Amino acid sequence: MKILSIQSSVAYGHVGNSAAVFPLQRLGHEVWPVYTVHFSNHTGYGAWRGPLLAAEDVREVITGIEERGALAEVDVVLSGYQGGEEIGDVILDAVARVKAANPDAIYACDPVMGNAKSGCFVNPAIPVLLRERVVPAADLITPNQFELGFLVGREPRTLEEILEAADAARAMGPSSVLVTSVEQEGRAEGTIEMLAVTPDGAWIVQTPLLPMKANGSGDVTAALFTAHYRATGDASDALARTVSSVFDLLQNTLDAGSRELLLVESQEAYAHPRLQFEVRQVR
């Protein structure tokens, strides 16, 4: 599979493309990373250096790939955090060009806006852009529960409400939704869940909630699920593999006391996931 991944990059640590590319390569996929920023480190440190790339520069890189005749080979366009409105336009244009060259290609969008603990942490224009223009163009979206609620204008809490919110998001354009960081009412204490909703049904998986904050784990999750689901069309299997890989990545990172993901050291978790968690069909 060939994946055009348009995301941020950091030299130190693992977020954006610096989190997504290696796990995808370890699965055997060809990844063409296009950077939207190139920072020294992720912004969670409160200080960083390096450039936010101009939208026109990002567009130029994609145009250069197009001039090689390569867009027809792209199976997936993957995007994550969008630093500015202009980058959104570039991504949407790239998706249109890829799909014109290869109608079987899909667009997977991680609509990064914030989370339940931190609230919204992006430019106020970005959530509106995502809701009104980007998400409707996507085939697969991977919001967390907080982001899903913003997209559809509600605050889902029960499993039924989360399923209804995912259906409302699907009605906006994408056929499939992966909801991460699901914290439904009534779940067992000390657990967290992930939910996949597709035209074929809905599946949920529960894991222990690890006591840590891991920048970049959502980027790894979106990349792995997208790749597995695009390769097989089996959402249940894609969910099982993704959750297993990401949990072991996080557990390894926690055990090491590292602030940055042990992305490379955990590579066997992507290549050979243990499949240690039960996936339950809920629809």
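Student: In which sense do strand β9 and strand β10 pair, and over how many bridges?

Tutor: Strands of a sheet pair through backbone hydrogen bonds, either parallel or antiparallel. In this model, which is predicted, strand β9 (residues 191-198) pairs with strand β10 (residues 201-208) in the antiparallel sense, over 8 bridges. Individual bridges can be followed from residue to residue: T198 has G201 of β10 as its bridge partner, and L195 has I204 of β10. The connection from β9 to β10 is a hairpin made through 2 residues.

Student: Which strand pairs with β9 over 4 bridges?

Tutor: That strand is β8, and the pairing of β8 with β9 is again antiparallel, over 4 bridges. To locate the register, one may start from V182, whose bridge partner in β9 is E193.

Student: Is β9 enclosed or open to the outside?

Tutor: Here the burial of each residue has to be read along the strand, and 8 of the 8 residues of β9 turn out to be buried, so the strand is largely enclosed by the rest of the structure. This holds for both faces, since T191, E193, L195 and V197 on one side are buried, as are I192, M194, A196 and T198 on the other.

Student: In what order do the strands of the whole sheet stand, and which of them are at the edges?

Tutor: The sheet is open, has 9 strands with mixed pairing, and follows the order β2-β1-β3-β4-β7-β8-β9-β10-β11. The edges are taken by β2 and β11 (279-281), each of which has a single partner strand, so one side of each is left without a neighbour in the sheet. Helix α2 packs on this sheet, where it touches β1 and β2, and its direction makes about 165° with that of β2. Helix α5 packs on the sheet as well, touching β7 and β8 (176-182), with its direction at about 130° to that of β8.

Student: How many bridges join β1 to β2, and how much of β1 is buried?

Tutor: There are 8 bridges between β1 and β2, and the two strands run parallel; one of the residues to follow is Q7, whose bridge partner in β2 is Y35. As for burial, β1 is mostly covered, with 8 of its 9 residues buried.

Student: How should I read the aromatic pair of Y12 and Y45?

Tutor: A pair of aromatic rings is described by the distance of the centres and the angle of the planes. The model holds 5 aromatic pairs, and the one formed by Y12 and Y45 is tilted, at 6.4 Å centre to centre and with 50° between the planes. Y12 lies in the loop between β1 (2-10) and α1 (17-26), while Y45 lies in the loop between β2 (30-39) and α2 (55-67), so the pair ties together parts that are 33 residues apart in sequence. Y12 is exposed, its relative accessible area being 51%, whereas Y45 is partly exposed at 30% relative accessibility. The ring of Y45 also has the charged end of R259 sitting over it, 3.9 Å from the ring centre.

Student: Where does N144 lie, and is N144 buried or exposed?

Tutor: N144 lies in the loop between β7 (140-141) and α5 (145-152), and counts as buried, with a relative accessibility of 11%. Its side chain reaches the backbone nitrogen of E147 at 2.7 Å. Once neighbours within four places in sequence are left aside, the residues in contact with N144 are G114, N115, V179, T180 and S181.

Technical notes:
Residues numbered from 1 in each chain as written. Predicted model: local features only at pLDDT ≥ 70, side-chain atom pairs only at ≥ 80, totals over all residues. Heavy atoms only, no water. Phe/Tyr/Trp six-rings, centres within 6.5 Å; stacked < 30°, edge-to-face > 60°. Buried < 20%, exposed > 50% of the residue type's maximum accessible area, 1.4 Å probe, protein only. Lys NZ or Arg CZ within 6 Å of the ring centre and 35° of its normal. Polar contact = N/O pair within 3.5 Å; in protein donor to acceptor, adjacent residues only side chain to side chain. Contact = heavy atoms within 4.5 Å. Pairing = 2+ DSSP bridges. Axes fitted to C-alpha atoms, helices over the stretch in contact; angles between N-to-C directions.
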